[in-house]
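User: Please take a close look at one part of this model, the helices that pack against each other beside the DNA. I would like one connected account, with the DNA surfaces included.

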2 protein chains.
Amino acid sequence: MNKKQILLIDDDHELAELLVDYLAQQGFIVQCCFDGQAGLEQAYNHKFDLILLDVMMPKLNGFEVLKALGKEHKTPVLMLTAKGDHHDKIKGLELGADDYLAKPFHHQELLARIKAILRRIQLVNQQNRQALQHQDTLLSINNIKLNHAVRSVSCHGNDIELTGTEYQLLTLLMEHHGKIIAKDTISEQVLGRKLSPFDRSIDVHIGNIRRKFLPFCTVEKIKTVRSAGYIFLTGENA
Amino acid sequence: MNKKQILLIDDDHELAELLVDYLAQQGFIVQCCFDGQAGLEQAYNHKFDLILLDVMMPKLNGFEVLKALGKEHKTPVLMLTAKGDHHDKIKGLELGADDYLAKPFHHQELLARIKAILRRIQLVNQQNRQALQHQDTLLSINNIKLNHAVRSVSCHGNDIELTGTEYQLLTLLMEHHGKIIAKDTISEQVLGRKLSPFDRSIDVHIGNIRRKFLPFCTVEKIKTVRSAGYIFLTGENA
DNA sequence: AGACTGTGTAAAGGTTTAGTAAAGGTTATT
DNA sequence: AATAACCTTTACTAAACCTTTACACAGTCT
């Protein structure tokens, strides 16, 4: 994992030095500015992963820096201040800060809050990628091919249109090809409900799938196992 | 803008009532649980935008709930507690909480912190989308061309005017052409919100895009995959 | 064989989902 | 403040889909 870069904007040189040391020791790269103006410039020039922003400073105070950064600025900001005043906190947060910590604070708490913010960003990023990333999308057994990315099915190269339920049912059978799948398992996995005594839905779906494959197959791929369930035959058994 | 859903887990009935009222008044939908166990179940069953979690509770305390949610849980958590102890704060934050607020707190500060967390998530989402778009300024598939630099669209050479949302939606589909994009993914990526049960926005946008392309296309480029999503067809499939 | 049970299958009925037009509401612009 | 552009919601329609029903047939047991 590459090191995260932090921009510290604080006119308190003593505190700044302490923080730079501590955070560096914790695996961050810290850049330091001692007034709002300089901080703002740095923020524009470099891309930081996080900004630590003091409120009371010469030239530009923390709130002004926050405003100048603009509503659309992407770098998260954690504000630090000597005042524990609620109005200040609220003002900071509403101006776009991600967190607000009152001085004096424990450096461990600061660290924990920094990590929390960075972790959140990473989580959201992950989430976004995962939503668009499809798991392995090809399943091919016994001349039948499934492509999950497009939810398409083909038999000996011929495209076959299946409904959502039929597709799920076939997928289930193919994922466990060569093994008997009980009807109640199918009902729960595919239809999302317990199998009721006179429920014939599954039989009908199986029938529909078979009918759609019929023109393209010489042998039956889905075999009925009386009073046990259905089974997708592998090449050897077929 | 649709309302954000918050799960409040706190055994202090009096406080809970106050918070529910206040947050509802501020435009949130709040669900309430009075012990850790119930809260955890709710968190698993529904998708919330944020969880407010008290620490001291019967059955399961806040830390235990946090652990049970797991490291990969996606919903942000803001912890509330009577103890202002630093160790507690650090513990909570390290266990995956996004923020930690000590009781008693000003409801305005709570609100500001809630908003800060939600805003950060939305910002990161936006950023992701934009980052994707700026990678390549030209995207050309199946006779449809996008030029991100000037945000223009053409079909067989004919310019087409799309709104911002339509453009983003089309971009998303084209970037993942040949793959199904689920409606809830579209909603999160393009509209920046979770898909609600009766939300028809996406269908309408898709309809509008199709209508604008209609005069210039012989075949449909965007295919509906019932109960799964939409897919931008590649040349071969079209 | 006869009874019983489980399955194949066609068709009817009911439910869910998507297409679409129009109204309502929001935001940005003039 | 008025206007325009846009997004969302609503309501209706059509289509796709799932389940139920009914009956025929096949396997199993006595």
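Analyst: In this predicted model, Thr165(A), Gln168(A), Leu169(A) and Leu172(A) of H6(A) are in contact with Ile186(A), Gln189(A), Val190(A) and Leu191(A) of H7(A). Sorted by class, this contact between H6(A) and H7(A) holds five nonpolar residues, three polar ones and no charged ones. H6 covers residues 164-175 of chain A and H7 covers residues 183-191 of chain A. Their axes lie 10 Å apart, and the helices pack at an angle of about 130 degrees. An angle between 115 and 145 degrees counts as oblique, and H6(A) and H7(A) are therefore oblique to each other. The crossing in which H6(A) passes H7(A) is right-handed.

Thr165(A) links this packing to the DNA. Besides its contact with H7(A), Thr165(A) is listed with Arg193(A), Thr163(B), Thr165(B) and Arg193(B) as the closest residues to DNA strand D. In total, 21 residues surround that strand. Of the atoms of DNA strand D that come within 4 Å of the protein, 67% belong to sugar and phosphate. By class, the surface near DNA strand D is made up of four nonpolar, nine polar and eight charged residues.

Several side chains of chain B make polar contacts with the backbone of this strand. In Thr165(B), a side-chain N or O atom is 2.5 Å from a phosphate oxygen of DNA strand D. For Arg193(B), the distance from a side-chain N or O atom to a phosphate oxygen of DNA strand D is 2.3 Å. Ser201(B) has a polar side-chain atom 3.4 Å from a sugar or linking oxygen of DNA strand D. As for the helices involved, H8 (201-213) of chain A, H6 (164-175) of chain B and H8 (201-213) of chain B each supply at least two residues of the surface near DNA strand D.

Ser201(B) leads on to the packing of H8(B). Within chain B, Lys183(B), Ile186(B), Ser187(B) and Leu191(B) in H7(B) meet Ser201(B), Ile202(B), Asp203(B) and His205(B) in H8(B). That contact has three nonpolar, three polar and two charged residues. H7 of chain B spans residues 183-191, and H7(B) packs against H8(B) at an angle of about 80 degrees, with the axes 10 Å apart. Angles from 65 to 115 degrees count as roughly perpendicular, and H7(B) and H8(B) are therefore roughly perpendicular to each other. Ser201(B) thus appears both in the contact with H7(B) and beside a sugar or linking oxygen of DNA strand D.

The other strand also has its own protein surface. DNA strand C is surrounded by 16 residues, and the closest are Arg210(A), Thr224(A), Arg226(A), Arg200(B) and Arg210(B). Sugar or phosphate accounts for 48% of the atoms of DNA strand C within 4 Å of the protein, and bases for the rest. The surface near DNA strand C comprises two nonpolar, four polar and 10 charged residues.

Three side chains illustrate the polar contacts with DNA strand C. A polar side-chain atom of Lys183(A) is 2.9 Å from a phosphate oxygen of this strand. Arg200(A) has a side-chain N or O atom 2.8 Å from a base nitrogen of DNA strand C. Arg210(B) places a side-chain N or O atom 2.6 Å from a phosphate oxygen of DNA strand C. The elements giving two or more residues to the surface near DNA strand C are H8 of chain A and H8 of chain B. H8 of chain A and H8 of chain B also each supply at least two residues near DNA strand D.

Chain B has a further helix pair for comparison. The axes of H2(B), residues 36-45, and H3(B) come within 10 Å and cross at roughly 25 degrees. That angle makes H2(B) roughly parallel to H3(B). The crossing of H2(B) and H3(B) is right-handed. Gly36(B), Leu40(B), Ala43(B) and Tyr44(B) of H2(B) make the contact with Val65(B), Ala68(B) and Leu69(B) of H3(B). By class, this contact has six nonpolar residues, one polar residue and no charged residues.

Definitions and conventions: Residues numbered from 1 in each chain as written. Chains lettered and ligands numbered in written order. Predicted model: local features only at pLDDT ≥ 70, side-chain atom pairs only at ≥ 80, totals over all residues. Heavy atoms only, no water. Near = heavy atom within 4 Å. Polar contact = N/O pair within 3.5 Å; in protein donor to acceptor, adjacent residues only side chain to side chain. Helix = DSSP H or I, 4+ residues; strand = E, 2+ residues; numbered from the N terminus. Nonpolar A, V, L, I, M, F, W, Y, C, P; charged D, E, K, R; others polar. Axes fitted to C-alpha atoms, helices over the stretch in contact; angles between N-to-C directions. Parallel < 35°, antiparallel > 145°, perpendicular 65-115°, else oblique. Left-handed = near helix turned anticlockwise from the far one by under 90°. Contact = heavy atoms within 4.5 Å.
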